[in-house]
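Me: Could you take a close look at one helix of this model and walk me through how it sits among its neighbours? I'd be glad of the cut-offs behind each term as you go.

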Amino acid sequence: MAIEGNAMLGELTAGQRVSALNHLAVIRSQFGGNSEKELSRFFKDMRDVRDSSYQENKRTLSAILFLANIGNNRHSVDFSELTTDEKAALIRAMNQLKAVVSLFPKRLALSN
């Protein structure tokens, strides 16, 4: 009996998605994966004052840091100045956002 492709597919809850993303992050780190360079670039991009969306980017980064339970007094530090625990919390917070964003409605519209 053949395994049908659709039978293997299933919906994941937001919590299951977060758990899976965090598990993948652990596996990547065990095999030498390191996202610090990309995270450092992300911080730099979010704080780029030349970006026309600078204020929104700054607020978004603050929201991510808040979600990671990183104190407000630490929101302005460079990525390299974060502790190991803060970096782990940041990655978990970003995975939480990734999971939730994947569940957003596909065609959002702004009213006039």
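Reply: **A close look at helix α5**

Helix α5 covers residues 84-101, and at 1.5 Å a residue its 18 residues should span 26 Å, which agrees with the 26 Å between its end C-alpha atoms. The expected span here is 1.5 Å times one less than the number of residues. Helices are DSSP runs (H or I, at least four residues), numbered from the N terminus.

A word on the source: this is a predicted model, in which local features need pLDDT of at least 70 and side-chain atom pairs count only at pLDDT 80 or more, while totals for chains, interfaces and linings use all residues. Residues are numbered from 1 along each chain as its sequence is written, and side-chain values use heavy atoms, with hydrogens and water left out.

Now for the inside face. The buried residues of α5 are Glu86, Lys87, Ala89, Leu90, Ala93, Asn95 and Ala99. Buried means under 20% relative accessible area, exposed means over 50%, and partly exposed lies in between (1.4 Å probe, protein chains only). These buried residues pack against α2 (14-30), α3 (36-46) and α4 (54-67). Asp85 also lies in α5, but counts as exposed because its relative accessibility is 64%. The C-alpha atom of Asp85 is 42 Å from that of Ser111, a residue 26 places away along the chain.

Let's start with α4. Its axis and that of α5 come within 8 Å and cross at roughly 110°. Axes are lines fitted to C-alpha atoms, for helices over the stretch in contact, and the angles run from 0 to 180 degrees between N-to-C directions. The two helices, α4 and α5, are therefore roughly perpendicular to each other; that label covers 65 to 115 degrees, while under 35 is roughly parallel, over 145 roughly antiparallel and the rest oblique. On the α4 side, Ile64, Leu65 and Leu67 meet Leu90, Ala93, Met94, Gln96 and Leu97 of α5, where contact means heavy atoms within 4.5 Å. By class, this contact of α4 with α5 has seven nonpolar residues, one polar and no charged. Ala, Val, Leu, Ile, Met, Phe, Trp, Tyr, Cys and Pro count as nonpolar, Asp, Glu, Lys and Arg as charged, and the others, Gly among them, as polar.

Next comes α3, whose axis comes within 12 Å of that of α5 and crosses it at roughly 75°. That makes α3 roughly perpendicular to α5. Here Glu36, Leu39, Phe42 and Phe43 of α3 touch Lys87, Leu90, Ile91 and Met94 of α5. The residues of this contact of α3 with α5 divide into six nonpolar, no polar and two charged.

These two neighbours of α5 also pack on each other: α3 and α4 have axes 8 Å apart, at an angle of about 135°. That makes α3 oblique to α4. Phe42, Phe43, Asp45 and Met46 of α3 make this contact with Tyr54, Asn57, Lys58, Thr60, Leu61, Ile64 and Leu65 of α4. The classes in the contact of α3 with α4 are seven nonpolar, two polar and two charged.

Asn57, in helix α4, is buried because its relative accessible area is 15%. Leaving aside neighbours within four places in sequence, Asn57 is in contact with Asp45, Met46 and Asp51.

Last is α2, which has 17 residues and reaches 25 Å from its first C-alpha to its last, close to the 24 Å expected at 1.5 Å a residue. Just after α2, Gly32 takes a positive phi of about 85°.
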